[in-house]
Amino acid sequence: MKTKSTCPKCGSARIIRQVQVLDRSDSGAQSLSLRRGTRALGGWLKLPRSFPLDAWTCGACGYTELYVREPAELVAADEAASGAPAGAGGLTSGAAASPTDQARTALVLALLAGLVLALGVLAVLAIALVR
């Protein structure tokens, strides 16, 4: 449907393009996505890479096809995860993170900051108890 602009099931030209597909979880609604490989955050911390999907839907019969938004980046992540050298469409070091990846990064950093704070409070309490 994406390349021919007609439905392969019924032949209709009533195609609704690039519809966002949502997934619901305990953390709320988010774009349906594929996961492959990881991306480094600050050297030692690695987070999964997410690749959002868009839907192309036939307005006549409802048939739907899913397409990854960034196929070249997905291929590069697959090559990196499998150990094969990245191709020409690979990721650059300055590749922009998706909003989901940014939120995940912020959550990890907030949890780490909370852990450091809790350890500091425990250290102060331990010192106070020893005296």
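Asp78 is partly exposed in this predicted model, with a relative accessibility of 35%. Its side chain meets that of Arg36 in a salt bridge, with N and O 2.7 Å apart. Because Asp78 lies in helix H1 (residues 71-82) and Arg36 in strand E4 (residues 33-41), the pair ties together parts that are 42 residues apart in sequence. Arg36 is likewise assigned to the partly exposed class, at 32% relative accessibility. The relative accessibility of both partners falls between the limits of 20% and 50% that separate buried from exposed residues.

In total, the structure holds three salt bridges. Another of them joins the side chains of Arg49 and Glu73, at an N to O distance of 3.2 Å. Arg49 belongs to strand E5 and Glu73 to helix H1, so this contact ties together parts that lie 24 residues apart in sequence. Arg49 is buried, its relative accessible area being 6%, whereas Glu73 is partly exposed at 21%. The value for Glu73 places this residue outside the buried class because that class requires a relative accessible area under 20%.

The salt bridge between Asp54 and Arg69 has its closest N and O atoms 3.0 Å apart. Asp54 is located in strand E5 and Arg69 in the loop between E6 and H1; the pair therefore ties together parts separated by 15 residues in sequence. Asp54 is buried, with a relative accessible area of 9%. Arg69, by contrast, counts as partly exposed, at 39% relative accessibility.

Strand E5 also takes part in an aromatic contact. A search of the whole structure finds one aromatic pair. This pair consists of Trp56 and Tyr67, whose ring centres are 6.2 Å apart and whose planes meet at 75°, so the arrangement is edge-to-face. Trp56 lies in strand E5 (residues 45-58) and Tyr67 in strand E6 (residues 64-68), so the two rings tie together parts that are eleven residues apart in sequence. Trp56 counts as buried, at 8% relative accessibility. Tyr67 is partly exposed, with a relative accessible area of 23%.

Pro71 has its place in helix H1. The relative accessibility of Pro71 is 46%, and the residue counts as partly exposed. Pro71 and Phe51 are separated by 20 residues in sequence, and their C-alpha atoms are 8.4 Å apart in space.

On the surface, a nonpolar patch of about 760 Å² is made by Leu109, Leu112, Leu115, Leu117, Leu119, Val121, Leu122 and Leu125. Among these residues, Leu115 lies in helix H2, which covers residues 99-130. Leu115 is partly exposed, with a relative accessible area of 48%. This value does not place Leu115 in the exposed class, because that class begins over 50%.

The secondary structure of the protein chain as a whole comes to two helices and six strands. Along the sequence, these elements follow the pattern β-β-β-β-β-β-α-α. Of the 131 residues in the protein chain, 22% are buried. The accessible surface of the chain comes to about 8900 Å², and carbon and sulfur atoms account for 61% of this area. Among contacts with a separation of 6 or more, 47% are between residues 24 or more positions apart.

The mean pLDDT of the protein chain is 81. A pLDDT of 70 or more is reached by 82% of the residues. Confidence is highest in E6, at 93, and lowest in E4, at a mean of 78. E6 contains Tyr67 of the aromatic pair, and E4 contains Arg36 of the salt bridge with Asp78. Over residues 86-95, pLDDT stays under 50. For this segment, the model has nine contacts beyond four places in sequence.

Conventions: Residues are numbered from 1 along each chain as its sequence is written. This is a predicted model: local features need pLDDT of at least 70, side-chain atom pairs count only at pLDDT 80 or more; totals for chains, interfaces and linings use all residues. Side-chain values use heavy atoms; hydrogens and water are left out. Rings of Phe, Tyr and Trp (its six-membered ring) pair if their centres lie within 6.5 Å; planes under 30 degrees apart count as stacked, over 60 as edge-to-face and the rest as tilted. Helices (H or I, at least four residues) and strands (E, at least two) are DSSP runs, numbered from the N terminus. Buried means under 20% relative accessible area, exposed over 50%, partly exposed in between (1.4 Å probe, protein chains only). Patches are made of residues with over 30% relative accessible area and no salt bridge: like charges are joined within 9 Å, nonpolar side chains (Val, Leu, Ile, Met, Phe, Trp, Tyr) within 5 Å. Accessible areas come from the Shrake-Rupley method with a 1.4 Å probe; for residues, only the protein chains shown count as cover. A salt bridge is a side-chain nitrogen of Lys or Arg within 4 Å of a carboxyl oxygen of Asp or Glu. pLDDT is the predictor's confidence in each residue, from 0 to 100. Contact means heavy atoms within 4.5 Å.
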